[in-house]
Each structure stands twice: as C-alpha cells, then as structure tokens.
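Thanks for making the time this morning. I would like to walk through the charged pairs first and then the nonpolar core, so please have the display in view.

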Amino acid sequence: MTKTLDLHEVKHEDVDRLVENFVLLNKVPMKIITGNSEKMMLMTLDVLNRHDFEWTRWATSYVTIL
C-alpha cells in the first residue's frame, strides 16, 4: 500500500518539516497531495530534490515518489 501525505489545510510554514519527515520515515513508493497550490508543489519538490528522491508530478495536485 502506498503511503500518502495530504497537505490540504497545512500552512506553508509547516510544509518543509512535514514533507521531510514523511519522506525520510517511509519507504517508496509514496504520494504527496499538494492540491492546486503551485507554491505548495514547489516547496514539496524542493524537499524531494534536496534529498535526491526520484519523483513524478501528476497534473497540478500531487506528486509520486518512486
């Protein structure tokens, strides 16, 4: 089963910590739902790139970590 982090209702200031903890404490594949916020997506991708995760962006609402 794929672990999922849903960032709806999460404040931008909490995104970095939540995404980092999620990806470091779980195994791939994982899914992060960002909703339609481009800022939320960019913040999420920043964390994934910082930790050299492979990812695929699906539409504007979520990313899958491979």
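Glu38 is partly exposed, at 40% relative accessibility, where partly exposed lies between buried, under 20% relative accessible area, and exposed, over 50%, calculated with a 1.4 Å probe on protein chains only. I should say at once that this is a predicted model, in which local features need pLDDT of at least 70 and side-chain atom pairs count only at pLDDT 80 or more, while totals for chains, interfaces and linings use all residues. Residues are numbered from 1 along each chain as its sequence is written, and side-chain values use heavy atoms, with hydrogens and water left out.

Which residue forms a salt bridge with Glu38? The partner is Arg57, with the closest N and O atoms 2.8 Å apart, and by salt bridge I mean a side-chain nitrogen of Lys or Arg within 4 Å of a carboxyl oxygen of Asp or Glu. This pair links distant parts of the chain, since Arg57 sits in strand β3 (residues 55–58) and Glu38 in helix α2, 19 residues apart; helices (H or I, at least four residues) and strands (E, at least two) are DSSP runs numbered from the N terminus. Arg57 is itself partly exposed, at 29% relative accessibility.

By this rule the count comes to five salt bridges. Another of them joins Asp46 to Arg50, with the closest N and O atoms 3.5 Å apart, and both residues lie in helix α2, four residues apart, or about one turn of the helix. Asp46 is partly exposed at 44%, as is Arg50 at 39%, and these two belong, with Asp16 and Glu20, to a network of salt bridges. In helix α1, Arg17 and Asp14 are three residues apart, about one helical turn, and they form a salt bridge whose closest N and O atoms are 3.8 Å apart.

Turning to the interior, the largest nonpolar core, meaning buried Ala, Val, Leu, Ile, Met, Phe, Trp, Tyr and Cys residues joined through side-chain atoms within 4.5 Å, has 16 residues, of which Leu7, Val19, Val23, Ile32 and Leu48 touch the most other members. At least two residues of this core come from each of α1 (12–25), β2 (30–33), α2 (38–50) and β4 (62–65), and the largest share, five residues, is supplied by α2.

What does Val19 touch, leaving aside its neighbours within four places in sequence? Val19 is in contact, with heavy atoms within 4.5 Å, with Leu5, Leu7, Ile32, Thr44 and Val47.
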